[in-house]
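Student: I am new to this structure and would like a close look at a single part of it. Could you take me through one strand and its surroundings, and then tell me about the cysteines?

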Amino acid sequence: MKYFNKIKQYKNIILWGLIILFAGAYVSLSFNNNIWGDEAYTIDLLRNCRSMGDVWLFTAQDVHPPLYYMIVQVFTNIFGLHLTLLKIVSIIPILITMAIGATYITKKYHFKTGLLFILMIGVIPCSMEYAVQVRMYSWTILFVTICGLASYEAYVNGKNKAYLVMGLSGVACAYTHYFAFVSILWIYGLLFLALLFTKRKELLKWLFMVMGSILLFSPWIPFMKGQVSGVSGSYWIPEITKKVIVSYFGWLFETKLPYAPLMLQILFLVAILLVTIHIVRNRKNKEAFIEDIFALCCLLIPILTITTGVVLSQIIRPIFIIRYVMPCIGLLCLFFAKAMSRLDKKTFIALVLFCICLGFVDYENTYQEEYLSTTVDEIEEFFQMNLGENDVIVYNFRTYDFIYEYYFDKDKLIYIEDMDFSVNFDNIWFLDTAFNLEPSKETLEANGLSMFHIGNYNIEYNPFSLYQICKQTN
């Protein structure tokens, strides 16, 4: 394996070259006009908010904290509101997380750990998908990963800087997504237990960090209480059943590479076994023992986050879906990288090649999702050619308000229940989503209207039929 040893001489070139390749792949997924409902909400917010204060108050009416929206508003204030820009803003934290792998993680542990961490962050299907979405998940991955690494530094070295970084990244998590908040609460809690049983003198620093975190987050607490009350009353997430919980374990490993989901599940079980064996073997080697316990905690955080979400969903009402564990992906990849870096050279190279194959397949799948999965271009082109000045667009799927307002002229959009068919329009273009309210034959006949089917289209997860409604001609 002399070639492997020679490769290690160029480790910085390999690691940073890999990051550049991922940057190019992610950016190539950003040049489209394809969004879904939550992304449309982000864009609607940016269109309606002119200041940080506006963002603060606007998000207080939603179910998420404001930090992500403030970040994207800074970029849009400088460069303008462009969808590609917003997607690139989501790519930035993923690349920073990878850069942490090329620097801190590689220096702290091993080249193999850093390499595998970057690869896993880049090729896991869920991270490739969410890295280019106009949402906060990629930022939470960065913040939670930093918080987890800082907690390790705080425990091992006890430096004030580590507690400061941990506290600030923890507050950033709390201000970005509430289940990222749950994850960092578990990180805080696990550090507390570690200090309580082994380093009680350090508990004062931990307490100061917690108090500082609460102080920094306190301005948002009144708004959070209002959001929690609103969610407790009603929320869109369906009931969490045993079948749903079982599906969580497959979500992370969804890929079209044959046998890859099963292979990934087996590899994670192997990683757990390897770490467990090393904990038992290295219990007398304090430094190695602490590293292995930290690796296990990196796996524990997503498990505890999911458990918390499921328990709260049973106590209050369903409030958790599996993508809310996205903030923990960085720690999960760190656990895997740390465990599997101990493999012998041949097995490790085979694992790297498997990850590369997985990356190619998932890139192709994500590319299809971003560019080929909808008829957005066709429907936009149709309306550019056919939508007249005295035309309106009527829709019957209320959930897609934000989506339709993004793609079509808001002044021409009318929800079907608000539509007065007696008004004299040249054409009514009806977006008919199945199993929703339609104009009755009686209404059409009473107003001398005829309805003609134009074609079938889809925008993201919403297939609909397009009809033209116009005055009957003799």
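Tutor: A residue is called buried when its relative accessible area is under 20%, and that cut-off will serve us throughout this predicted model. Let us begin with strand β1, which covers residues 392-395. Val 392 and Val 394 point one way from this strand, while Ile 393 and Tyr 395 point the other way, and all of these residues are buried.

Strand β1 has partners in two other strands. With strand β3, residues 428-432, β1 runs parallel and is joined by four bridges; within that pairing, Trp 429 of β3 is the bridge partner of Ile 393. With strand β2, residues 413-415, the pairing is again in the parallel sense and extends over three bridges, and here Val 394 stands opposite Ile 414 of β2. Helix α20, residues 401-407, belongs to this picture too, since together with β1 and β2 the helix makes a β-α-β unit that is right-handed.

As for the cysteines, a search of the whole structure finds zero disulfides. Cys 126, for example, is in no disulfide, and the nearest cysteine sulfur, that of Cys 333, is 7.8 Å away, whereas a disulfide calls for two cysteine sulfur atoms within 2.5 Å. Cys 126 has a relative accessible area of 3%, and is therefore buried. Cys 298 is likewise in no disulfide, with the nearest cysteine sulfur, belonging to Cys 297, 7.2 Å away. Because its relative accessible area is 2%, Cys 298 counts as buried.

Definitions and conventions
Residues are numbered from 1 along each chain as its sequence is written. This is a predicted model: local features need pLDDT of at least 70, side-chain atom pairs count only at pLDDT 80 or more; totals for chains, interfaces and linings use all residues. Side-chain values use heavy atoms; hydrogens and water are left out. Buried means under 20% relative accessible area, exposed over 50%, partly exposed in between (1.4 Å probe, protein chains only). Two strands pair if DSSP finds at least two bridges between them. A crossover is right-handed if, with the strands pointing away from the viewer, the path from the first strand over the helix to the second runs clockwise.
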